[in-house]
Amino acid sequence: IPYCTQLCWYCGCNTKETHRYEPVAAYMEPLLKEVANVAALVPRGHRVSHIHWGGGSPNILSAEDIRRLAAATAAAFNYAPGMEFAVEIDPRTLDPEQVAAWAEAGVNRVSLGVQDFEPAVQDAINRQQSYEMTRDAIELFRSKGIPSVNIDLVYGLPHQTRESVARTIQQVLT
């Protein structure tokens, strides 16, 4: 989903910032057609073992569009037993309705972007996100039965030191 509500200055994703839902809603129609086009190329009987929604940030999608895209994907492809269904999450814009929609869709792994918890680093990369916000997002996903959570960290960002990275790692481990 190539849209975010705020661009992070370190990001290498092909994404655009938007503060309106119209571009995201307009993107859904060609995306749903692409799902159908790709499904038509997959041999019958092929089982999909992994789905990954990345970005930008997939949680720019409304809960309704999460359900719509997940239903289209499930109808188009034959899921393998035990398939991993992963989604990248920006905890800063997450809401409980989205989490419920992903749980209903069968998401079983979330990847939360953190990068670093140090305020100076966050200011330098335009991504202010507290430890508490991240913890609350993890708890929300776990409350909906989503068992696997990973945290994305980045090293080499402005103002990072070995010590600051170690502090962020210790916070993540809690």
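# Salt bridges and strand pairing: worked exercises

Arg135 forms a salt bridge with Glu139, and the closest N and O atoms are 3.9 Å apart. The model is predicted. The exercises start from this pair.

## Exercise 1

Place the Arg135–Glu139 salt bridge in the fold and state how exposed its two ends are.

Solution.
- Check the distance. The cut-off is 4 Å, and the pair stands at 3.9 Å.
- Find the element. Arg135 and Glu139 both lie in helix α5, residues 131-143.
- Take the spacing. They are four residues apart, about one turn of the helix.
- Assign exposure. Partly exposed lies between 20% and 50%. Arg135 has a relative accessible area of 32%, so this residue is partly exposed. Glu139 is at 46% and therefore partly exposed too.

## Exercise 2

Determine which parts of the chain the salt bridge between Arg68 and Glu29 ties together.

Solution.
- Start with the contact. The closest N and O atoms of Arg68 and Glu29 are 2.3 Å apart.
- Locate both ends. Arg68 lies in helix α2 (residues 63-76) and Glu29 in helix α1 (residues 22-41), so the bridge ties together parts that are 39 residues apart in sequence.
- Assign exposure. Arg68 has 32% relative accessibility and is partly exposed. Glu29, at 42%, is partly exposed.
- Widen the view. Glu29, Asp65 and Arg68 are linked in a network of salt bridges.

## Exercise 3

Decide whether the salt-bridge partners Asp90 and Arg92 are buried or exposed, and give the salt-bridge count for the model.

Solution.
- Confirm the pair. The side chains of Asp90 and Arg92 meet at 2.7 Å, N to O.
- Apply the cut-off. Buried means under 20% relative accessible area. Both Asp90 and Arg92 are buried.
- Give the count. The model has ten salt bridges.

## Exercise 4

Trace the pairing of strand β4 with β3 and with β5.

Solution.
- Take β3 first. Strand β3 (residues 47-53) pairs with strand β4 (residues 78-89) in the parallel sense, over six bridges.
- Pick a bridge. His50 has Glu84 in β4 as its partner.
- Follow the connection. From β3 the chain passes through α2 to β4, and this β-α-β crossover is right-handed.
- Move to β5. Four bridges join β4 to strand β5 (residues 109-115), and the two run parallel.
- Pick a residue pair. Ile89 stands opposite Leu112 in β5.
- Link back to Exercise 2. Helix α2, on the crossover path, holds Arg68 of the salt bridge to Glu29.

How values were computed:
Residues are numbered from 1 along each chain as its sequence is written. This is a predicted model: local features need pLDDT of at least 70, side-chain atom pairs count only at pLDDT 80 or more; totals for chains, interfaces and linings use all residues. Side-chain values use heavy atoms; hydrogens and water are left out. Buried means under 20% relative accessible area, exposed over 50%, partly exposed in between (1.4 Å probe, protein chains only). Two strands pair if DSSP finds at least two bridges between them. A crossover is right-handed if, with the strands pointing away from the viewer, the path from the first strand over the helix to the second runs clockwise.
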